[in-house]
Amino acid sequence: MANTTFNGPVRSENGFDMITKNTTTGAVTANASYDKGIRGGVQTLSGAGAVDLVNLITEITTTGADALTLADGTTSGQVKIINMIVDGGDGTLTPVTFANGTTITFDAVAESATLVWNSTIGWVATSVQGATIA
C-alpha cells in the first residue's frame, strides 16, 4: 500500500505498527508499536559514535572515554531516550543544539536522559537520571 491520507479518526482493535521494509531482502522491521503503550526501536551503540534519530531509544556501552554526538531533531516533539547499559568509561553526549547546556555525561550503568526536540531552542532535557549536564 502506498502512503494513505485519512480524514477523520482511524481505529484499530489491535494497535498499529510502524515498520520499514528492506528493499533488497524484503525483511520487515517494526520500529514502533502503538497500542496501550508506545514502544520504539532501540539502537545499541558501543564506543564513540552518533546517537541516531531513527530509534526512540539508544542504549550505550562505553569502551573508554567515548564521545557521542546527537544531530538536530527532525520535527518538534521528537523524543530521544539515552540509557547507559555497560560502563567501560564516561560517555559524553554533545547534541548539535542543546537548550540545557553543552553536554550530558553518563558515567554509571542505569544513567539516562530523555530529550525532546524543539525546533526553536533545540534538544530539551525533560528527565535526567544520574547523568550530568554541563
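I count two residues as in contact when heavy atoms lie within 4.5 Å. The model I am reading is predicted.

**Entry 1: isoleucine 60**

I looked up what isoleucine 60 touches, leaving out residues up to four places away in sequence. The list is Leu45, Leu68, Ile82, Asn83, Met84, Ile85, Val86 and Phe106. I then looked for Ile60 in the largest nonpolar core, which has 17 residues. Ile60 is there among the residues that touch the most other members, together with Val51, Ile82, Leu93, Ile104, Phe106 and Leu115. Which elements give two or more residues to this core? I noted β7 (66-70), β8 (79-86), β10 (104-106), β11 (112-118) and β12 (122-129). The most comes from β11, with three residues. As background, nonpolar side chains tend to be buried together in soluble globular proteins.

**Entry 2: the whole chain**

I went through the secondary structure and found 13 strands and zero helices. The C-alpha trace spans about 45 × 35 × 25 Å along its principal axes. Of the 134 residues, 31% count as buried. I took the contacts between residues at least 6 apart in sequence, and 43% of them join residues at least 24 apart. The accessible surface comes to about 8,100 Å², and carbon and sulfur atoms hold 53% of it. For the charges, I compared the mean position of the 5 positive ones with that of the 11 negative ones; the two points are 19 Å apart.

**Entry 3: the open sheet**

I traced an open sheet of five strands in the order β5-β7-β9-β10-β13, and its pairing is mixed. Why is one side of β5 and of β13 left without a neighbour in the sheet? β5 (49-51) and β13 (132-133) stand at the edges and each has a single partner strand, so nothing in the sheet flanks the other side. β5 and β7 run parallel and are joined by three bridges. Within that pair, glycine 49 has leucine 68 of β7 as its bridge partner.

**Entry 4: β8, β11 and β12**

I checked the pairings of β11 next. β8 and β11 run antiparallel, with five bridges between them. β11 also pairs with β12 in the antiparallel sense, over six bridges. These two strands, β11 and β12, make a hairpin with three residues between them. In this hairpin I found tryptophan 117 bridged to tryptophan 123 in β12.

**Entry 5: serine 112**

I picked serine 112, which lies in strand β11. Is serine 112 buried or exposed? Its relative accessibility is 14%, and the cut-off for buried is under 20%, so serine 112 counts as buried. Asparagine 83 stands opposite serine 112. The contacts of serine 112, again without residues up to four places away in sequence, are Ile82, Asn83, Phe106, Ser127, Val128, Gln129 and Ala131. Ile82, Asn83 and Phe106 are also on the contact list of Ile60.

**Entry 6: alanine 110**

I looked up the backbone angle of alanine 110 last. Most residues other than glycine have a negative phi. Alanine 110 has a positive phi of about 80 degrees although it is not a glycine. Where is the place of alanine 110? I found alanine 110 in the loop between β10 and β11. With a relative accessible area of 59%, alanine 110 is exposed.

Notes. Residues numbered from 1 in each chain as written. Predicted model: local features only at pLDDT ≥ 70, side-chain atom pairs only at ≥ 80, totals over all residues. Heavy atoms only, no water. Core = buried A, V, L, I, M, F, W, Y, C linked by side-chain atoms within 4.5 Å. Buried < 20%, exposed > 50% of the residue type's maximum accessible area, 1.4 Å probe, protein only. Helix = DSSP H or I, 4+ residues; strand = E, 2+ residues; numbered from the N terminus. Areas by Shrake-Rupley, 256 points an atom, 1.4 Å probe, with all protein chains shown as cover. Lys, Arg positive; Asp, Glu negative; His and termini not counted. Charge placed at Lys NZ, Arg CZ, Asp CG, Glu CD. Pairing = 2+ DSSP bridges.
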